[in-house]
Amino acid sequence: MPEFVSITCEECGDEFRAYPDANAAERGFCSPACSLANAD
Ligand SMILES: [Zn+2]
């Protein structure tokens, strides 16, 4: 079974859990909104 990892969002600072191979884990954002907010 895959294990979740705890990640701190680089945009809002929230801690979230994701699969290590998920896009969220690779990019370090808890949500698409945070990803977009950090894109510019
Ligand atoms: Zn966030």
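The pLDDT is the predictor's confidence in each residue, on a scale from 0 to 100. You will need it here, as this is a predicted model.

**Exercise 1. Find the average pLDDT of the protein, then say which element has the lowest mean and which the highest.**

Solution. Start with the whole chain: the average pLDDT is 88. Next, look at how the residues score: 98% of them reach at least 70. Now go element by element. Helix H1, residues 23-27, has the lowest mean pLDDT, at 78, while S1 has the highest, at 94. Keep one reading habit in mind: where pLDDT is low, predicted coordinates should not be read in detail.

**Exercise 2. List the elements of the protein in order from the N terminus.**

Solution. First count them: the protein has two helices and two strands. Then walk along the chain from the N terminus, and the order reads β-β-α-α.

**Exercise 3. Work out how strands S1 and S2 are joined, and which residues stand opposite each other.**

Solution. Begin by locating the strands: S1 covers residues 5-8 and S2 covers residues 15-18. They run antiparallel, with four bridges joining them. Now look across from one strand to the other. Opposite Ser6 you will find Arg17 of S2, and opposite Thr8 you will find Glu15, also in S2. Finally, follow the chain through the hairpin, where six residues lie between the strands. Among the features of this hairpin is Gly13, which takes a positive phi near 85°.

**Exercise 4. Decide whether Ala24 is buried, partly exposed or exposed, and describe its surroundings.**

Solution. Place the residue first: Ala24 belongs to helix H1. Then count its neighbours: 19 other C-beta atoms lie within 10 Å. A buried residue needs 20 or more, and an exposed one has 12 or fewer. Ala24 is therefore partly exposed, because its count is 19. Next come its contacts: leaving aside residues up to four places away in sequence, Ala24 touches Ala18, Phe29 and Cys30. Last, take a distance: Ala24 and Cys9 are 15 residues apart along the chain, and their C-alpha atoms are separated by 9.0 Å.

**Exercise 5. Describe the protein as a whole: its box and its share of buried residues.**

Solution. Along the principal axes, the C-alpha atoms fill a box of roughly 35 × 15 × 10 Å. Then turn to burial: of the 40 residues, 10% are buried.

Methods. Residues numbered from 1 in each chain as written. Predicted model: local features only at pLDDT ≥ 70, side-chain atom pairs only at ≥ 80, totals over all residues. Pairing = 2+ DSSP bridges. Contact = placed C-beta atoms within 7 Å.
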